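Q: I'm new to this structure and would like a close look at a single part of it. Please pick one helix, tell me how it sits, and then carry on to whatever helps me read the rest.

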Amino acid sequence: MIEFEKPDVEQFFQTIGIQTFAVSPDETQMVFSTNLNGTYNLWAMDLPHTFPYQISFENQSCQEVFYDKSGSFLVAVMDKDGDENGQIYAIPTSGGKVKALREAEGYRHDMPFLSDDGKRLYYTSNKENETFLKAYSYHLETGTEESVLEGKDAMVFLFDKSPEEKSFLYGEFYRNTYSLPYVKTTDERILLTPDKETEHTFGGAVYTSETEVYLVTNYGENFSYLAKFDLEKRAFQKVLQLEKESFTELIFDRKRGSLYLTSEKGIQDYFYQYHLQAGTLEKIDTPVKVIEKVIVGEKGGVYLKGSSSTVPSNIYKRSDQGWARLTNYNVPGVAEEDMVEPNVVTYSSFDGLQIEAQFFQAKEENSNGHVIFWPHGGPQVAERASFRSLFQFLLHRGYSIFAPNFRGSTGYGLAFKRMVEGDWGNGPRLDNVHGIEWLINEGYADRDKILLMGGSYGGYMALLLHGRHPEYFKAVVDIFGPSNLFSFLNTVPEHWKPATKKLVGDPIKDKDELTEASPDSYLASMTKPMLVIQGAMDPRVVKAESDQIVDALKQKGRKVDYLVLSDEGHGFSKKENEMTVYRKVLAFFDECL
C-alpha cells in the first residue's frame, strides 16, 4: 500500500475564500468573487452545473455584485489593493473587460442598485461630502447625474426603492449603536421607528408593498425584533420577537409572500421564514453556523453563503431535499474531523459580567502546551463560529486558542454592545485579563506558556495588554492595531470621525482617559518579543500607527519584527500575501517556544 505523509500546515494556507455572490434573474447563472487563482476575481457557474469559469481579471476585491433586471450584465464594486475606495463597474455576464460606471479616485461608492427599467443607477458616495455622504441617481443612457439625498448630522446610505419607485428607503448612521431608518418621498422624510431621541438601531428594511415596510430594529428593547410600518397610517407595530436573540437581516420573497430572516445569538446565526399572511415563523436548519449572505432568486430559489468553525465559506442552494452545496471549498487534504471544534465557555469578569468565549484545544497528539490569546477586532463585532484557516493551522501545529467575546461584542444585546463606547481601554482589557486568569485557574494554560495575537481593535488590545500586563505573555503579534488613540482619531476616514469620536473619546475633553488607554503610554513595560504586521494601503488604521510603535520600541532596543505589505489594506486580499503573513506568524511563535 502507498502511504502518504500527514497533512502539513502548508495545506491550510491553500484554503480558498469567497467574498460575495449574485444569482441571475432566471437563476441559470451564479457569479461569485473568489481567489481561486490567488487573487480575487469574479467567477461564474452555469446552474445547475457547478464548474466555475473566470469572468473578470482585475485581480481586486469585490465588495458587491448583482445582475441588472434583464440579466444582461453585472454591476460590481471593486477597490484597489485594499484601499476600500470602491468604484462601480459593469461586466458582461459572459466575462471580459469591465466598463467604469462611476469612478472618483480617492473616494468610495457604496450600495448601488438599479431602477427596474435599468436606466438609472442609485448609489451612495463620499465624493462631495466626505463626512456625512450623499446619494445619487446616475442615468446610464444620458450620463447625467443628480443628488437625491445628503447627510447633514449623520452618515446616510440609500439602500432600496419602493415597487413603483415613488419612495426610497435610507438610513442615518450615527454610530454602531444608533441608526435610524427613513422613507424618503418627493415631499417628506418619514422616520420608521417611533422617535429618534430613544437611541436604537435597525438591521435592515424592505418594502412588501408600496405602502408597507418591514424592518428589523431594537427600538425600546435590548435585542432586535421584526417590526412593520404602515406608510399610509404612519403606524409602527412590533411583529415578532425572540428570547435573547437578535434578528439581523431580512429579505422579502414576493413569490412565496414571506420574509427570510437571519438572527444572531452569541457566536451562532439562525435562519427563519416568516409567512406574512399566516403570521407564522418557521425555523430552517442550515449547513453552517454563521450566515454571511442570503439571496432569494426571482424564481424563488434560496441561496446562502456561510461557514462553520471547521468548514470554510461555501455557497448553498435550498431545495425540497435540503441544502445542495454549489461550491466545494475545504482545506485540501485535511478532513473536517481532523480539525478542531471550539468549546463554548463562560467566565465572570471583574464586575461579575458573564463573558462568553470559544476555546479551541489542540488535539492531544499535536499539542505543544501553549495557548494563544486572541482578542477580536471591531470592537463592536464578535468572534463567531466561523472558519479561520489561521486558527486551524495553528491548532494543527499544536497551539490552543482562546477567543473571548468581551464587553462591546455583538450577539449579546444592545446594552452589552454599548459597554465599550467611551471605554476602549479599561473594561474590555479587564475582561481579557480575567479570561487569562480563568484559563490558568481552570488548568488550561500555564502562566509561562501564553502567547498574544490580535488584529485591528484586537491588535490595539494586544499592544495594550502587552504594555499593561506583560507578565502574562511570552510573545505578542499585532496586526494593524492602533498604537496611539490621538493619532488614530485624527487619521480614520472622514466619514468615520463623528462615530469614532463617540466610540473612542474626545481628544480634548477625554485627554487623560485617552492617554491612559493608548498603548504607547506603556513602552517601558513592552519587553516581550513582538511581530507587527501592517498593510500599506490601510485606510482604517494607517501605516503610521504601526510605524510609530515599531520605531519607539526599536529605539529602546526591543526585539520587534515588522512586516509591511505594500499592496494590502485592512486585511489580506491576495493569497500570496496571506500565506506570507501566516508563515511569518507561525515561524515567530515557533521561535518563541
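**Starting from helix α5**

A: Of the 12 residues in α5, 11 are buried, so this helix is largely enclosed by the rest of the structure. Here "buried" means under 20% relative accessible area, "exposed" means over 50%, and "partly exposed" is in between (1.4 Å probe, protein chains only). Helices (H or I, at least four residues) and strands (E, at least two) are DSSP runs, numbered from the N terminus.

A quick word on the model itself. It is predicted, with local features needing pLDDT of at least 70 and side-chain atom pairs counting only at pLDDT 80 or more, while totals for chains, interfaces and linings use all residues. Residues are numbered from 1 along each chain as its sequence is written, and side-chain values use heavy atoms, leaving out hydrogens and water.

Back to α5. The buried stretch starts with Y457, G458, G459, Y460, M461 and A462, and it carries on through L463, L464, L465, H466 and G467. From its first C-alpha to its last, α5 reaches 16 Å, close to the 16 Å expected at 1.5 Å a residue (the expected span is 1.5 Å times one less than the number of residues).

Now step off the end of the helix. H469 sits in the loop between α5 (457–468) and β34 (476–479). It counts as buried because its relative accessibility is 13%. Its side chain is joined to that of R429 by a polar contact of 2.9 Å; a polar contact is a pair of N or O atoms within 3.5 Å, where, within protein, one must be able to donate a hydrogen and the other to accept it, and residues adjacent in sequence count only if both atoms are side-chain atoms. Skip residues up to four places away in sequence, and H469 touches R429, V433 and L464, with contact meaning heavy atoms within 4.5 Å. So L464 turns up twice: among the buried residues of α5 and among the residues that H469 touches.

α2 makes a good companion to α5. Seven of its eight residues are buried, so α2 is also largely enclosed by the rest of the structure. Those seven are S389, L390, F391, Q392, F393, L394 and L395. What covers them? Strands β30 (354–360), β31 (371–373), β32 (400–405) and β33 (450–455) are part of the cover, and helices α1 (9–13) and α10 (575–592) are part of it too. Just after α2, G398 takes a positive phi of about 115 degrees. Before α2 there is a loop from β31, and P379 lies in it. The peptide bond joining G378 to P379 is cis, with omega about 5 degrees.

There's another cis bond to look up, from L47 to P48, where omega is near 10 degrees. You'll find P48 in the loop between β3 (41–46) and β4 (53–54).

While you're looking at backbone angles, try E27 and D81. E27 is in the loop between β1 (18–23) and β2 (29–34), and its phi is near 60 degrees, a positive value in a residue other than glycine. With 10% relative accessibility, E27 counts as buried. D81 isn't a glycine either, yet its phi is positive, about 55 degrees. Its loop runs between β6 (73–78) and β7 (87–92), and at 15% relative accessibility D81 counts as buried. The side chains of D81 and K574 make a polar contact at 3.0 Å. Leaving out residues up to four places away in sequence, D81 touches Q60, M537, D567, E568 and G569 as well as K574.

Two more stops. S137 is in strand β11 (residues 134–139) and is buried, with a relative accessible area of 6%. Residues up to four places away aside, S137 touches R120, L121, Y122, T144, E145, E146 and V148. T286, in the loop between β24 (280–284) and β25 (290–296), is partly exposed at 23% relative accessible area. Its side chain reaches the backbone oxygen of V288 at 3.0 Å. Beyond neighbours within four places in sequence, T286 is in contact with F271, I291, L304 and W323.
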